[in-house]
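The exercises below are meant to be worked through with the sequence and the coordinates at hand. Each one sets a task and then takes the solution step by step.

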Amino acid sequence: MQLSEIIIERIKKEGPISFRDFMEMALYYPELGYYNSIPDKIGSNGDFYTSPYISADFGAMIGRQIEEMWEILEKKPFTIVEYGAGTGLLCHDILDYLKNNLPLYDSLTYCIIEKSVSMREIEKKHLHEKVSWYNSIQEIPEINGCILSNELVDNFAVHQVIMEEQLKEVFVDYKEDFIEILKPAKKELTHYFETLNAQLPKGFRTEVNLEAVSWIKEVSQSLQKGYVITIDYGSLSSELYHNHRSCGTLLCYHKHHKNDNPYQFIGEQDITSHTNFSAISHWGTQNGLDCCGIVDQAQFLLALGIKEYQNIALIKNKDNLQLAAHEALMNYRLLFDMGPKFKVLIQQKGVPEFPLSGLKFLNSPKTVFS
């Protein structure tokens, strides 16, 4: 059966399902969901690009930030936990950079938490040392180091809501085609907005990522000492719930073309929504994580010295003009195309206050997350 038929059968049997359950099936259903079926999701033959695919310098700069974190943690044995490593490119580039620091590299453990069976197999093809795979962070003991995610949270299945006289949740039904119906929102959803002090005007449609709340709680509880780096497409509540976002942020990607219809190409297209960094900061704080700050990806990379790093590489390749031109184009995309759209949030636990290099261009250390 096709995945769309399986979803239709479930609706006929159980009645309308929440949009969150529809999205979960579309992305993660065994063997047929997008992340468990399509082999080439990232890159020119896939549906979208990620920063590690654009340039290895992205991973090198994260490696540089991790190196500083290791020094702050008194150069003790260090664990990196990466959620959803994709093809493994980011892990490869971080490790490649950290090999230049043998005391750190020798004491390093790199753990990947990978939900997708197919992606795990791709990762294992070119990650041959230092790396081990886990199904859950609870399987990893004594995490002292850094928990890292890049474009993870925007792929969690989300609830969709619309504000009418009261908050309503979007459910998916089937009547010759998929249709949406509204039901009164459950308490968890109304509590989400109350906690963030967000008031939606009538007619406003948006997403609620309760899985992100559960995820940051899990991360907070599992980290003994160290940092959390969350890199994703998204914004603070003040931007996400602004009038110009009244239709929400849900987007689908199919062969590098964006659309806003999740009911087509089911199991064959990516479905994403913007990450609410206010929520991750708030619930992180509630569970023992102190917020270091948030900057956009371009500010983060520039603060860590990516320009100087690239200039050294250009000098090395000065006789290969074609390679130099390609690198210049890729780095332009990394900094000026994707750079302002992605945010980097860093949180810490059990670590003394110390300014991190990646947050050097932070306007204020005490950024208001609203």
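**Exercise 1. Decide whether Y174, F178 and Y263 are buried, partly exposed or exposed, and work out how their rings are arranged.**

Solution. Begin with Y174, whose relative accessibility in this predicted model is 25%, so that Y174 counts as partly exposed. The cut-off for a buried residue is under 20% relative accessible area, and F178, at 11%, therefore counts as buried. Y263 has a relative accessible area of 17% and is likewise classed as buried.

The next step is the geometry of the rings. A pair of aromatic rings is described by the distance of the centres and the angle of the planes. By the rule for ring pairs, the count in this model comes to 15 aromatic pairs. In one of them, Y174 and F178 lie 5.2 Å apart from centre to centre with 75° between the planes, which makes the pair edge-to-face. F178 also pairs with Y263, here at 6.0 Å between the centres and 20° between the planes, and this arrangement is stacked. Because F178 belongs to strand β8 (residues 178–184) whereas Y263 belongs to the loop between β12 and β13, the stacked pair ties together parts that are 85 residues apart in sequence.

As a last step, follow the ring pairs outward: they link F19, F22, Y174, F178 and Y263 into a cluster. Two of these residues, F19 and F22, are among the buried residues of helix α2, which spans residues 19–28 and is mostly covered, with 8 of its 10 residues buried. The other buried residues of α2 are M23, E24, M25, A26, L27 and Y28.

**Exercise 2. Find which charged side chains sit over the rings of W133 and Y105, and at what distance from the ring centre.**

Solution. Take W133 to start with: the charged end of K124 sits over its ring, 5.4 Å from the centre. Turning to Y105, the residue that lies over the face of its ring is K130, at 5.2 Å from the ring centre.

**Exercise 3. Trace the pairing of strands β2, β3 and β4, and state the hand of the crossover between β3 and β4.**

Solution. Start from strand β2 (residues 78–83), which runs parallel to β3 and is joined to it by 6 bridges; within this pairing, T79 stands opposite T109 of β3. On β3 (residues 108–113) itself, 5 of the 6 residues are buried, so the strand is mostly covered. The pairing continues from β3 to strand β4 (residues 131–134), again in the parallel sense, through 4 bridges, and C111 has S132 in β4 as its bridge partner. Between these two strands the chain passes through helix α7 (residues 117–126), and the resulting β-α-β crossover is right-handed.

It remains to place T79 in its surroundings. T79 is located in strand β2 and, at 10% relative accessibility, counts as buried. Setting aside residues up to four places away in sequence, T79 touches T109, C111, E142, N144, G145 and C146.

**Exercise 4. Establish the strand order in the sheet that contains β11, and say why some strands have a side without a neighbour.**

Solution. The sheet is open and consists of 3 strands in the order β12-β11-β13, with antiparallel pairing. Since β12 (257–259) and β13 (270–272) stand at the edges and each has a single partner strand, one side of each is left without a neighbour in the sheet. From one strand to the next the twist averages 25°.

Now consider the individual pairings. Strand β11 (residues 251–254) is joined to β13 by 3 bridges, and in this pairing Y253 stands opposite D270 while C252 has I271 as its bridge partner. Towards β12, the pairing of β11 also extends over 3 bridges, and here the bridge partner of C252 is N259. β11 and β12 form a hairpin with 2 residues between them, and K255 in the turn has a positive phi of about 55°.

**Exercise 5. Locate H274, decide whether H274 is buried or exposed, and list its contacts.**

Solution. H274 is found in the loop between β13 and β14 (275–276), and its relative accessible area of 14% makes H274 a buried residue. Leaving out neighbours within four places in sequence, its contacts are Y233, G234, L240, R245 and T249. As a check on distance, P141 lies 133 residues from H274 in sequence, and the two are 31 Å apart in space, C-alpha to C-alpha.

Key. Residues numbered from 1 in each chain as written. Predicted model: local features only at pLDDT ≥ 70, side-chain atom pairs only at ≥ 80, totals over all residues. Heavy atoms only, no water. Pairing = 2+ DSSP bridges. Axes fitted to C-alpha atoms, helices over the stretch in contact; angles between N-to-C directions. Phe/Tyr/Trp six-rings, centres within 6.5 Å; stacked < 30°, edge-to-face > 60°. Buried < 20%, exposed > 50% of the residue type's maximum accessible area, 1.4 Å probe, protein only. Lys NZ or Arg CZ within 6 Å of the ring centre and 35° of its normal. Right-handed = clockwise from strand over helix to strand, strands pointing away. Contact = heavy atoms within 4.5 Å.
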